[in-house]
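Open the model in your viewer and set it up so that single residues and whole chains can be selected. The stops below go one selection at a time.

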There are 2 protein chains.
Amino acid sequence: MTQGDGGTGGSGADGGADAPRTPLAHRVPDLGALELLLAVARLGSLGRAARETGISQPAASGRIRAMERQLGVTLVERSPRGSRLTDAGTLVTEWARRVVEAAEAFDAGAHALRDRRDSRLRVAASMTIAEYLLPGWLIALRASRPGTAVSLFAGNSAVVARRLQDGEADLGFVEGTGAPAGLDGAVIGRDRLVVVTAPAHPWARRRGPVPAAELAATPLILRERGSGTRQVLDAALRAHGGLADPLLELASTTAVKSAAVSGAGPAVLSELAVGDELSAHRLVEIPVDGAPLRRELRAVWPIGERPAGPARELLSLTRRGG
Amino acid sequence: MTQGDGGTGGSGADGGADAPRTPLAHRVPDLGALELLLAVARLGSLGRAARETGISQPAASGRIRAMERQLGVTLVERSPRGSRLTDAGTLVTEWARRVVEAAEAFDAGAHALRDRRDSRLRVAASMTIAEYLLPGWLIALRASRPGTAVSLFAGNSAVVARRLQDGEADLGFVEGTGAPAGLDGAVIGRDRLVVVTAPAHPWARRRGPVPAAELAATPLILRERGSGTRQVLDAALRAHGGLADPLLELASTTAVKSAAVSGAGPAVLSELAVGDELSAHRLVEIPVDGAPLRRELRAVWPIGERPAGPARELLSLTRRGG
DNA sequence: CCTGTGTCATAACTTCAGCTTATGCCCTCA
DNA sequence: TGAGGGCATAAGCTGAAGTTATGACACAGG
């Protein structure tokens, strides 16, 4: 499989097409290098990029060079008047941007997770929302109100409601079919549950949508009973004979996804959870006819305590278009 | 820079205090650590995760511990029978997964960029497709046909066509309104152009959609003349009085995006390019009435040379669901 | 009840990637 | 022609992350 690598001979010592066992981290430049590359792209000069990222010019120069060696591609065209990205560099920079953005989301989330006490804004959110939406909101909040300390607690709807009522959170986010009792709230968006299979599954080759009754009768890969996804699905299929016994019952969204990707059978998941898999065609969406697999995403707060200050600000960020 | 870690820390002011100037790379664990965390989540044991990622058990132990210290959160519950993620750990792991997936896409893309010569499959693609779709396809290809060496060339439609005709590429991908002359092809998906503004822009508060004629009459932030986006937009608005002089004319998708985010005005971009910005509400999509802002994504190849082998495999990966 | 096998943590030592400062060359512009 | 911005090279330092070796703890089985 791995023929000698195509490079112009020379010192390509580190082996050619070495996809298999080297860990990702050895094949991808580290976050600092990617950030530096973005800075070079933006500022048009290694030196300026170095200054912006707080390192010396030779360090930046060396780092970019090391990255070029690692990737085997020239990224930057250096001239005595500055540095411009090559075509390949432009492409690499865009890919790098995605990594850095994911890292920013990670950072925003992790930061909120740490702050716990004495924060100006204490948020409690369902797992799905905390996983997929909240980091983005926090980044937006950081942009519009820098320095707002946010703490995050994640749990199921009941626990979120509890924390709000106990005064341990200022604003909550839950998904589900109805508003929790004892709380005020507003719908901030909608989430669709989608039926997905591996591309090789027979359903992926059907012409028309799967009728709700057939979906109901088919054993599916599902989250455990009690999860939000499961409840919505149950309700939607009640009119069609009710949900069959599950094919697999797994404890996490991720486990469900992996099972589906590896071809175990059809799964039902939030569209938030499967975006990447769909666009990479690791999973295929199966249209369903006759069952409304939607649920509302709601912001919630204790009755009467309309959000103010930072809570109001965050709320307004979540509302448009969600 | 690193103040004593959170906790009881006195002066309430520490909230958000450290967000601003430390580079991202110092606040986010590196890719190796994130990968390790995913392995722990999957395997349920530090030792097994260590083995899988090719390091020693103490190294894994130390790394996870360092990550917990860095984030200020306990991620893993250790026991003499294995390790389980805490609730916070589950959340962090999901965020980490996004970073690692972006890194995998980066790696897949970069690898193809390097291989250049003597690859079994030589792909030429438009920038938009190479940026947003191809890495995912390459990952899928790697999964279904491990070890297929792919090389990637990115350029505009004309250059892609050229390379195919010169026999320097086996399969091409372009976006646009029609199929390029002299090539066979198949539509593999559709791309929608979307009008976006910063959330503060007046259009973001409108009730109804913007009529095509108004869009045509409004100065927009656009890519330079000749770009695929610009061509489609031109064609779609010809019937409505033609495109007004641009507000700004920029050389890269990213530049257009930044200008729009910072409120310079409405921009028109591929929906592929603005997914993140929309979900984070840095941009808002403005519905448009009366202009079909769609374009086809096509796979193309020299007339008569129907793709075979790896090209055929890649093609089939891209087709479902587009 | 002891022993084997898995788990994780600690300790001491080593290595290497990446940083810094100092310096030189190249180009452009006034 | 000299000043200034931009990049590269060289030499030396530092610390993060790795290794091996070992200990403590829990459970299962003879």
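A polar contact here is a pair of N or O atoms within 3.5 Å. With that cut-off in hand, note that this is a predicted model, and begin at the nucleic acid.

**Stop 1: polar contacts to DNA strand C**

Select Gln57(B) together with DNA strand C. A polar atom of the Gln57(B) side chain is 3.1 Å from a base nitrogen of the strand. Next, select Leu46(B): one of its backbone N or O atoms lies 2.8 Å from a phosphate oxygen of DNA strand C. Then move to Pro80(B), where a polar backbone atom is 3.3 Å from a sugar or linking oxygen of DNA strand C.

Now colour by secondary structure. Chain A gives two or more residues to the surface near DNA strand C from α4 (57-71), and chain B does so from α3 (46-53), α4 (57-71), β1 (76-79) and β2 (82-85).

**Stop 2: the whole surface around the strand**

Which residues come nearest to DNA strand C? Of the 22 around it, they are Ser56(A), Ser61(B), Arg65(B), Arg78(B) and Ser83(B). By type, the residues of this surface split into seven nonpolar, eight polar and seven charged. Switch the selection to the strand itself: 68% of its atoms within 4 Å of the protein belong to sugar or phosphate, and the rest to bases.

**Stop 3: chain A against chain B**

Hide the DNA and show both chains. In this pairing, 73 residues of chain A are in contact with 73 residues of chain B. The two chains bury about 6,400 Å² between them, with 63% of that on carbon and sulfur atoms. On the chain A side, select Trp95(A), Phe106(A) and His281(A); these lose the most area to chain B, together 13% of what that side buries.

**Stop 4: the axis**

Superpose the chains. A turn of 180° with a shift of 0.0 Å along the axis lays chain A on chain B with an RMSD of 0.1 Å. That is the relation of a two-fold axis. To locate the axis from chain A, select Val99(A), whose C-alpha is the nearest in that chain at 2.9 Å. Both copies use the same surface, as 93% of the contact residues of chain A recur in chain B.

**Stop 5: confidence**

Finally, colour chain A by pLDDT. Its mean is 87, and 91% of its residues reach 70 or more. Select residues 1-20 of chain A: the pLDDT there is below 50, and the stretch has 10 contacts in the model beyond near neighbours in sequence. Where pLDDT is low, predicted coordinates should not be read in detail.

Terms used: Residues are numbered from 1 along each chain as its sequence is written. Chains are lettered from A and ligands numbered from 1 in the order in which they are written. This is a predicted model: local features need pLDDT of at least 70, side-chain atom pairs count only at pLDDT 80 or more; totals for chains, interfaces and linings use all residues. Side-chain values use heavy atoms; hydrogens and water are left out. A residue is near a molecule or strand if one of its heavy atoms lies within 4 Å of it. A polar contact is a pair of N or O atoms within 3.5 Å; within protein, one must be able to donate a hydrogen and the other to accept it, and residues adjacent in sequence count only if both atoms are side-chain atoms. Helices (H or I, at least four residues) and strands (E, at least two) are DSSP runs, numbered from the N terminus. Ala, Val, Leu, Ile, Met, Phe, Trp, Tyr, Cys and Pro count as nonpolar, Asp, Glu, Lys and Arg as charged, and the others, Gly among them, as polar. Copies are superposed by least squares on the C-alpha atoms of residues with pLDDT of at least 70 in both. Contact means heavy atoms within 4.5 Å. pLDDT is the predictor's confidence in each residue, from 0 to 100. Buried area is the accessible area (1.4 Å probe) that two parts lose on being put together, summed over both.
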